[in-house]
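Work through the exercises below with the model open. Try each task before reading its solution.

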Amino acid sequence: MKIFDREQFIALSKKSGYPFVSIYTPTSRLSTTAYKEDKTHFKNQLQEINSRLTSEKGLAWKEAEKILAPANELLDNDEFWEHNSDMLAVFLHDGEMEVFQLPLEVAESSHFIGSKPMLLPMIPELSDDGHYYLLLLNLDHIYLYEATRNGIQEIDDEDIASSFTEDEEGARGDKGFQARGAGTGSQFHGHSENSDEERKKRLLQFFHRVNNKLVPVLNRNPLPLYLAGVEYLAPIYREANSYGYLMEGKITGAFNHNDMMVLHAKSWEVAAPYFETERLERKSSFGSYLANGLAVNNDKLKLIKAALTGAVDTLLVDKDHEHLWGTYDESAHQITLSETQEPGMHCLIDEAAARVIDFKGKVYLVETDMMPDESSAIAGILRYPL
């Protein structure tokens, strides 16, 4: 799977049309029942959406059928369901479908019908609040994963596919050395008196090549990066590294791709303290920003206006917030609210979050107890006083 990055998110956030359908549903990586439960979740959502499009939104059944046709076809694609992640996000508009498979936990299926995509459930994919990369330094094959507390998936990108073993065999054949064992534990015995130093030099050159391919991929959506592999490889890779978010912690052992779930558990043990510290520091520092007029914690409309105009650097959204329906008149800089979703209205919290990301800010979905004091649904750190 490829990295879902900020550019994809922004492009999606700028799309509109009526009706625009957003679907989020849990999926499984492995199943003994041909993924029947996953398909059932998705099928139930499609049936509910079909009913709402015709009964609530006034569409003819043929129009509803046309909108949902690509998603119904997906139900019959067995190969698709066999290669999924933890959450499936599907967007339907103008007879087209966009699909994203993400390593994010979702408790239950949900959908949204409006004039824009509902994007808040995808925010954790872009935030570093518990979301990180893991690089497995296996000399037979370099593996890159993206992970959260609850999930992990391989990033399958030809640009980063590398093998030190194959490079060695291709460059030198069988002349001058023999390989004993395989994978991360391979030992090469050459005829040079300095064979260990020579091998280290070749490893460093190899990791430089890996780094040069890897950094552009990681920078599409920068997140903390942790290393895994046998003890001696990590310091050599660090010497070659130029990625700005390589973390100090590492997972030591002779792992291969079959150990992905073990790697996930061990890597979260290493990563969790960092994210917990980040959360606590963010909450404790909010008061300082507030005292200096650089934060908003109890005025939703003021904060939403600031977010929509690029004044918000960091937006915190309570995971348990309720939708705030309304419209924003850009020319008059005015917000109109509604107790229910009227035609043309979108959740202003969702819209504010999308705009903050568009303006290169950060958005975090946080637990209620991690929100700043006196906050209601959202709070934010500003780029400048308002």
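The exercises go from the whole chain to single residues, and the model they use is a predicted one.

**Exercise 1. The overall frame**

Task: State how many helices and strands the protein has, and what share of its residues is buried.

Solution.
- Step 1. Count the elements: 10 helices and 18 strands.
- Step 2. Take the extent. The C-alpha trace spans about 80 × 55 × 35 Å along its principal axes.
- Step 3. Take the burial. Of the 386 residues, 50% are buried.
- Step 4. Look at the range of the contacts. Among those between residues at least 6 apart in sequence, 69% join residues at least 24 apart.

**Exercise 2. Strands S5, S6 and S7**

Task: Work out how S6 pairs with S5 and with S7, and decide whether S6 is enclosed or open.

Solution.
- Step 1. Start with S5 (132-138). Seven bridges tie S5 to S6, and the two run antiparallel.
- Step 2. Fix the register. Leu-137 faces Ile-142 in S6.
- Step 3. Check the connection. S5 and S6 make a hairpin with two residues between them.
- Step 4. Go on to S7. S6 and S7 are antiparallel too, over three bridges. Here Glu-146 is opposite Gln-153, and the hairpin from S6 to S7 runs through four residues.
- Step 5. Judge the burial. S6 covers residues 141-147, and six of the seven are buried, so the rest of the structure largely encloses this strand.

**Exercise 3. Two serines in loops**

Task: Locate Ser-162 and Ser-115, and decide for each whether it is buried or exposed.

Solution.
- Step 1. Place Ser-162. It sits in the loop between S7 (152-154) and helix H5 (164-172).
- Step 2. Apply the cut-off. Buried means under 20% relative accessible area. Ser-162 has 9%, so it counts as buried.
- Step 3. Find its surroundings. Beyond four places in sequence, Ser-162 contacts Asp-140, His-141, Ile-142, Phe-206, Val-210 and Lys-213. His-141 is 21 residues from Ser-162 in sequence, yet their C-alpha atoms are 5.7 Å apart.
- Step 4. Repeat for Ser-115. Its loop lies between S4 and S5. At 15% relative accessible area, Ser-115 is buried.
- Step 5. List its contacts beyond four places in sequence: Lys-15, Ser-16, Gly-17, Tyr-18, Phe-20, Gly-344 and Met-345.

**Exercise 4. S13, S17 and the nonpolar cores**

Task: Describe the pairing of S13 with S17, then find which residues touch the most other members of the largest nonpolar core.

Solution.
- Step 1. Pair the strands. S13 (residues 312-318) and S17 run parallel, joined by five bridges. Asp-318 is opposite Val-366.
- Step 2. Check S17, residues 362-366. Four of its five residues are buried.
- Step 3. Turn to the largest nonpolar core. It holds 47 residues, and Phe-91, Met-122 and Leu-315 touch the most other members. Helix H10 (residues 348-358) gives the most to this core, seven residues.
- Step 4. Note the separate core. Another one, of 30 residues, lies apart; Leu-139, Leu-203, Val-217 and Tyr-243 are among its members.
- Step 5. Follow Leu-315 outward. Its contacts beyond four places in sequence include Leu-303, Ala-352, Val-356, Val-363 and Ile-378.
- Step 6. Move to helix H9 (residues 300-308). Its buried residues include Leu-303 and Ile-304. Among the elements that cover the buried residues of H9 are S13, H10 and S18. Gly-310 follows H9 with a positive phi, near 90°.

**Exercise 5. An open sheet**

Task: Give the strand order of the three-stranded open sheet and say which strands stand at its edges.

Solution.
- Step 1. Read the order: S15-S14-S16, with antiparallel pairing.
- Step 2. Find the edges. S15 (334-338) and S16 (346-347) each have a single partner strand, so one side of each lacks a neighbour in the sheet.
- Step 3. Set the register. S14 (residues 325-329) pairs with S16 over two bridges, and Trp-325 has Cys-347 as its bridge partner.

**Exercise 6. The largest pocket**

Task: Describe the volume of the largest pocket and the classes of its lining residues.

Solution.
- Step 1. Take the volume, about 1300 Å³.
- Step 2. Find the centre. Of 40 lining residues, Glu-105, Pro-124, Lys-319, Leu-365 and Glu-367 are the closest to it.
- Step 3. Sort the lining by class: 18 nonpolar, 10 polar and 12 charged residues.
- Step 4. Assign the elements. S1, S4, H8 and S17 each supply at least two lining residues. H8 has the largest share, five residues.

Note on methods: Residues are numbered from 1 along each chain as its sequence is written. This is a predicted model: local features need pLDDT of at least 70, side-chain atom pairs count only at pLDDT 80 or more; totals for chains, interfaces and linings use all residues. Side-chain values use heavy atoms; hydrogens and water are left out. Buried means under 20% relative accessible area, exposed over 50%, partly exposed in between (1.4 Å probe, protein chains only). Two strands pair if DSSP finds at least two bridges between them. On a 1 Å grid over the protein atoms alone, a cavity is a set of points where a 1.4 Å probe fits but cannot get out, and a pocket is an open set with protein on both sides within 12 Å along at least five of seven lines; lining residues have an atom within 4 Å of a point. Grid points are joined across faces, edges and corners, and a volume is the space filled by probe spheres set on the points. Ala, Val, Leu, Ile, Met, Phe, Trp, Tyr, Cys and Pro count as nonpolar, Asp, Glu, Lys and Arg as charged, and the others, Gly among them, as polar. A nonpolar core is a set of buried Ala, Val, Leu, Ile, Met, Phe, Trp, Tyr and Cys residues joined through side-chain atoms within 4.5 Å. Contact means heavy atoms within 4.5 Å.
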